[in-house]
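Please open the structure in the viewer and keep the selection panel at hand. The tour begins at the ligand and then turns to pairs of helices.

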Amino acid sequence: MHYFEYKNGELYCEGLPIREIAEKIGTPFYLYSYNTLVRHFRVFDEAFDGIPHLICYSAKANSNLALLRLFVNLGGGVDVVSGGELYRALKSGADPKKIVFSGVGKKEEEIESALQAGILLFNAESFQEIEKINEIAGRMGKKAPLSIRVNPDIDPKTHPYISTGLKQNKFGIDILQAPEAYRLAFRLPHLKVIGIDCHIGSQLVEVEPIVEALRKLKTLVERLREEGMEIQYLDLGGGLGITYEDEEPPHPVEYAANILDEIRGFDCTLILEPGRVIVGNAGILVSKVLYTKENEEKRFVIVDAGMNDLVRPSYYGSYHQILPVKEEMRKTRVVDIVGPICESSDFLAKGRTLQELQPGELVAVMSAGAYGFSMSTNYNSRPRVAEVLVRDTEMFIIREREDYEDLVRKERIPDFLLM
Ligand code: LLP
């Protein structure tokens, strides 16, 4: 069952023609399918039935309040990496006892707000951070629930920018130093050490690296237990990949089965932090063709969405399928789909064979639900786009398009310049 589908040559999101949405609110906009989001969350969650587990949706993939609330309604927790994401999670109604706080650079005030909120645990990533959390908890008269993010030194076989579990990456504490980190944490008076954590990378298309990471974590936990240090939560992070072009990542059920085989009987609650696999293929970016032009070498289709709206193609060289919203039997062209930003790296796709497109026509940039809006910027002073959620035949604007006033709201011209 697909919720982005052609009916009589027109691309729909669930029961609504995308053209109708564009006519109502203009372009560009991000568009999410409610029923896809629900299905993806449920499939992932249910795949782990049979052992105690908690799905902490990784807010960084898409932190819109409506999406967070949707997952909260389905029983999900949230993985946050900043005070801002914590704020969003709480605002969306997430149970603080289902919030985990990861990230290499947590600031004092962020740690304080998380302690104040009573989150489930911190995933600490350095010796100094462990001491800092202890110090702040002491000052606040609290005991901070702590887990240690271990860097297992495993190659996740993904893009170098989204590999996180190798020695050369800044993330976590080297697995060889982890026992020492645990000894320190168990000694400190204002910490309650409860877990172990890792996240080896994103857009993983093989299950072996994650299983290998899990084995290493288990060995470590066994060793800690021998020393009398009990661990209740094992967090495997996120990372499961999706199909953008022709990748064949394991299905969540297969991914879960491999993990379950390893962890059954291990006596701890499993935490998972999926982002992309839940939202990636549940969202698209809809844009309008402004102009086309060609020279001897190239044909360009210039659209009204750019790298400020979706940075993945220019930043990681990522592939996103481009579909015409109205599909017709026309002659095809090999084109670069580019945006309006003044950078040569501002492209959404290169060398694609597409039906000939005319100004005013709509295109859908597929698989844009994860790290799309959440990585968008105002570069070139372009207001950030609207976000729309469709459920059956109803549409809901879940983020209004920014306007020019939004762009300058926080800016001030000092008086002396106004003389
Ligand atoms: N947990 C932690 C600690 C993470 O660092 C991440 C992602 C996740 C969970 C969620 O990973 P996912 O399930 O979405 O793979 N901007 C890049 C992806 C960066 C991922 C960063 N960390 C992209 O557009 O591909």
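A residue is counted as near a molecule if one of its heavy atoms lies within 4 Å of that molecule. The model on display is predicted.

**First stop: the ligand.** Select the ligand together with the residues around it, which number 18. Of these, Ser202, Glu273, Arg312, Tyr316 and Tyr371 come nearest. Now display the side chain of tyrosine 316, where an N or O atom is 2.7 Å from a nitrogen atom of the ligand. Next, add aspartate 79: an N or O atom in its side chain is 3.3 Å from a nitrogen atom of the ligand. Finally, select tyrosine 371, whose side chain has an N or O atom 2.6 Å from an oxygen atom of the ligand.

**Second stop: H6 and H7.** Select residues 127-139 for helix H6 and residues 178-187 for helix H7. Their axes are 10 Å apart and the helices pack at an angle of about 10 degrees; H6 and H7 are therefore roughly parallel to each other. Show the side chains of Phe127, Ile130 and Glu131 in H6, which meet Glu180, Ala181, Leu184 and Ala185 in H7. By class, this contact of H6 with H7 comprises 5 nonpolar and 2 charged residues, with no polar ones.

**Third stop: H8 and H9.** Move to helix H8, residues 208-226, and helix H9, residues 252-263. The axes come within 10 Å and cross at roughly 20 degrees, and the crossing of H8 past H9 is right-handed. On H8, select Ile210, Val211, Leu214, Arg215 and Lys218; on H9, select Tyr255, Asn258, Ile259, Glu262 and Ile263, since these residues make the contact. The contact of H8 with H9 has 6 nonpolar, 1 polar and 3 charged residues.

Definitions and conventions: Residues numbered from 1 in each chain as written. Predicted model: local features only at pLDDT ≥ 70, side-chain atom pairs only at ≥ 80, totals over all residues. Heavy atoms only, no water. Axes fitted to C-alpha atoms, helices over the stretch in contact; angles between N-to-C directions. Helix = DSSP H or I, 4+ residues; strand = E, 2+ residues; numbered from the N terminus. Left-handed = near helix turned anticlockwise from the far one by under 90°. Contact = heavy atoms within 4.5 Å. Nonpolar A, V, L, I, M, F, W, Y, C, P; charged D, E, K, R; others polar. Polar contact = N/O pair within 3.5 Å; in protein donor to acceptor, adjacent residues only side chain to side chain. Parallel < 35°, antiparallel > 145°, perpendicular 65-115°, else oblique.
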